[in-house]
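Work through these exercises with the structure open beside you. Try each task before you read its solution.

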Amino acid sequence: MRERPAPTQPARAIGPGPSRRTALLGAAALTAAGTLSACSPAAPADGAGASLPSPATGRAAAQAERALLLQVLAHPDDDLYFMNPDTRQALDAGTPVVCVYVTAGEADGRNKTPADRDPAPDKAAYSSARHQGLRQSYAAQLGLPVFTRWTTSAARLPSGFRVEVDSLQHQGRSAELVHLNLGMHTPEGHMGVPALWRDPALRLRTLVPVGSPLRAVQTYERESLIGVLVELFERYRPTLVHTLDPDPDIQHSDRITRIRDSEQPGYSDHADHTAVASFAWAALIRWAERAKDGPPAFAVAAFRGYYNNHWPKNLPPKVLKAKAAQLVPYGAAPDWDCGNPSGCGDYNVGGDRPLTNRKGWVRATHYRYPGPRLALLPNEEGRLTAYGVLGLRAVRYDEKDGGFADPVDLGGGPLAPALSAVPLPGGHHLVLGLRLASVRDGDDVREIVALEQRVWKGLGNPETDPDRGRRIGVPVAVAAPDGRVHLFVRNADQGLSTRVRDRDGGWSPWRDLGGGPVQDGLTAVVHEGRVHVYAPGRDTVHHWTPEGPAPLSGLPVPGDAVAASGGRLYYRAPASAELLCVGGPRVDLPGYGPVVAAGPYLLGRDADGRVQLHRGGRTTRPGTAPVTLDGPALAATARGPVAAGLSPDARPWLWRPTQARA
């Protein structure tokens, strides 16, 4: 996503162990069962303005009747660069897609071409050209000619604000592009939306693109932008929401490098991405908290942005080719005959330029909160209890009649999308999550929380500085043979921090294990009685024991998270569909993204995003493949392997591969 930095005021981001090669591990046995229910007091979060975790009600959580994906973007093309292939897979499965673009995307108004690097600036025309490029891209994704005419209108919201809506349908599939058209800069030249997030009294004007059905300039304040996003959530009732990254990594660069990379001072993303993500999460929290009949049924996926420039590229050739192809009609070229006199696209990213750009944003898709969407715990009979996040709150699903029973509300919100769960003695479960305890500028608080015996408890944050505390990852936990539970979190320095729950239920203080730098997406397992943690680094697979880093020498660079089972590691190399196996024979399971392991089983997704299971040299797929979000989960049970995940309608799916044909 190309945005030109303005000469503005910097925006505050909204954003000793064994050294020998240790034996590689198997997955911890998950054999205990239990339940969680009812309502109980919660420990307060750190931070003066932080809220308490919402209590567990024990009631049935809401479920949606139909699927709809709504994406909240800063600029035209953020979805194409950072959220595909997920968006395209949802669209191909028949899920209606609504894209909300907060800014007009006008930048400096120069629609550069390879032949003209200094065209005359025209912000209204450049914004119009980018809107035209989006229409061309989504028409192609719907299977229509790129110049197909859309229905364009101005929609009036209950607050009185008006938004531009472009609509197109084809063979039961639909796309709507909603433009708020906020200006990218204040009159003083500061970045507009980040300034709006910082200053509740600031008023930011919209820009009217050439040809827009909107005719009048509107003025937004921070509160009104949050309110408009809530109104759009109410209007469309999404079951899946895509956002950008509200808490990007710390990234120290000199001024020249930062300007060249279009990044905000100190952080690995564009300031607009961070601010718009913060507005989106604030609106989601408000929507969930104010819903009359309880939180709506929706799931959330947050996507990394310019982070992609700094870490291994994880898309294999087939997936990358399809993703880059969707940018071609968006970028277009000056000689295209689209019928828009202001331009046919964002010419600077036309043709093959996304693939040749040194930053490589298009070559990766990374999640801010990676991990399985459901934390699975089988009981002794092999039936599952699953924990997930619905409407920003924890829910429990119990296996019933070949699927899952209705979700039970466990509270705890607002939570990031990935939970961890471990069995405890006595048939109880410990559930851990990352909680966005406060999302507002100057008082942004993140904390790790635990649900045990019907009580939510705040475990704090390994970082003492609130800004650094926003950079932590999702928690991963594992139960050791001695009865202790080891909790691990990626910290702001991109190493690991840990707390340990003893057998009596007390927790140790946070301890920095060092190591790294690594991406989030930790894997914690027990092998031969010892706890091990793996994470993907830029150079190799990084490994820890509870004592500290335990380097493994000579391993290939991973493109995604690392799975561990039976003394072996499984992962894909950057830009490769091939699955690597360290410590064992070659595994034929091509696809993309990470795999998960349980006993002798491996679960992943093929190049089209469909789930597939591997065991003993054979690959099995469901007869009717579930449409799955990122992070399908796997468990080895007394009844055989079982896979589960969430679909775009925010409902869980369950698949026992022993019932499917290879």
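**Exercise 1.** Decide whether Cys338 is buried or exposed in this predicted model.

*Solution.* Take the cut-off first: buried means under 20% relative accessible area. Cys338 has a relative accessibility of 14%, so Cys338 counts as buried.

Now apply this step to other cysteines. Cys344 has a relative accessible area of 4%, so Cys344 is buried. Cys99 comes to 1% and counts as buried. Cys581 has 17% and is buried too.

**Exercise 2.** Find which cysteines the disulfide joins, and give its handedness.

*Solution.* Start with the count: the structure holds 1 disulfide. Next, recall the cut-off: the two sulfur atoms must lie within 2.5 Å. The sulfurs of Cys338 and Cys344 are 2.0 Å apart, and a disulfide joins these residues. Last, look at the torsion about the S-S bond. It is about -90°, so the disulfide is left-handed.

**Exercise 3.** Explain why Cys99 does not form a bond with the closest cysteine sulfur.

*Solution.* Identify the closest cysteine sulfur to that of Cys99: it belongs to Cys338. Then check the distance. The two sulfurs are 19 Å apart, which is too far for a bond.

**Exercise 4.** Compare the expected span of helix α3 with the distance between its end C-alpha atoms.

*Solution.* Helix α3 covers residues 123-141, which makes 19 residues. The expected span is 1.5 Å times one less than the number of residues. For α3 this gives 27 Å. The end C-alpha atoms are 27 Å apart, so the two values agree.

Then look at the cover of α3. Of its 19 residues, 16 are buried, so the helix is mostly covered by the under 20% cut-off. After α3 comes Gly143, with a positive phi near 85°.

**Exercise 5.** Which strands pair with β35, and in what sense?

*Solution.* Take β34 (residues 633-637) first. It pairs with β35 in the antiparallel sense over 5 bridges. Thr637 stands opposite Gly640 in β35. A hairpin through 2 residues joins β34 to β35.

Now take β36 (residues 652-655). It runs antiparallel to β35, and 4 bridges join them. Ala643 has Trp655 in β36 as its bridge partner. β35 and β36 also form a hairpin, with 5 residues between them. In that turn, Ala650 has a positive phi of about 65°.

Finally, check how covered β35 is. This strand spans residues 640-646, and 7 of its 7 residues are buried.

Methods
Residues are numbered from 1 along each chain as its sequence is written. This is a predicted model: local features need pLDDT of at least 70, side-chain atom pairs count only at pLDDT 80 or more; totals for chains, interfaces and linings use all residues. Side-chain values use heavy atoms; hydrogens and water are left out. Buried means under 20% relative accessible area, exposed over 50%, partly exposed in between (1.4 Å probe, protein chains only). Two strands pair if DSSP finds at least two bridges between them.
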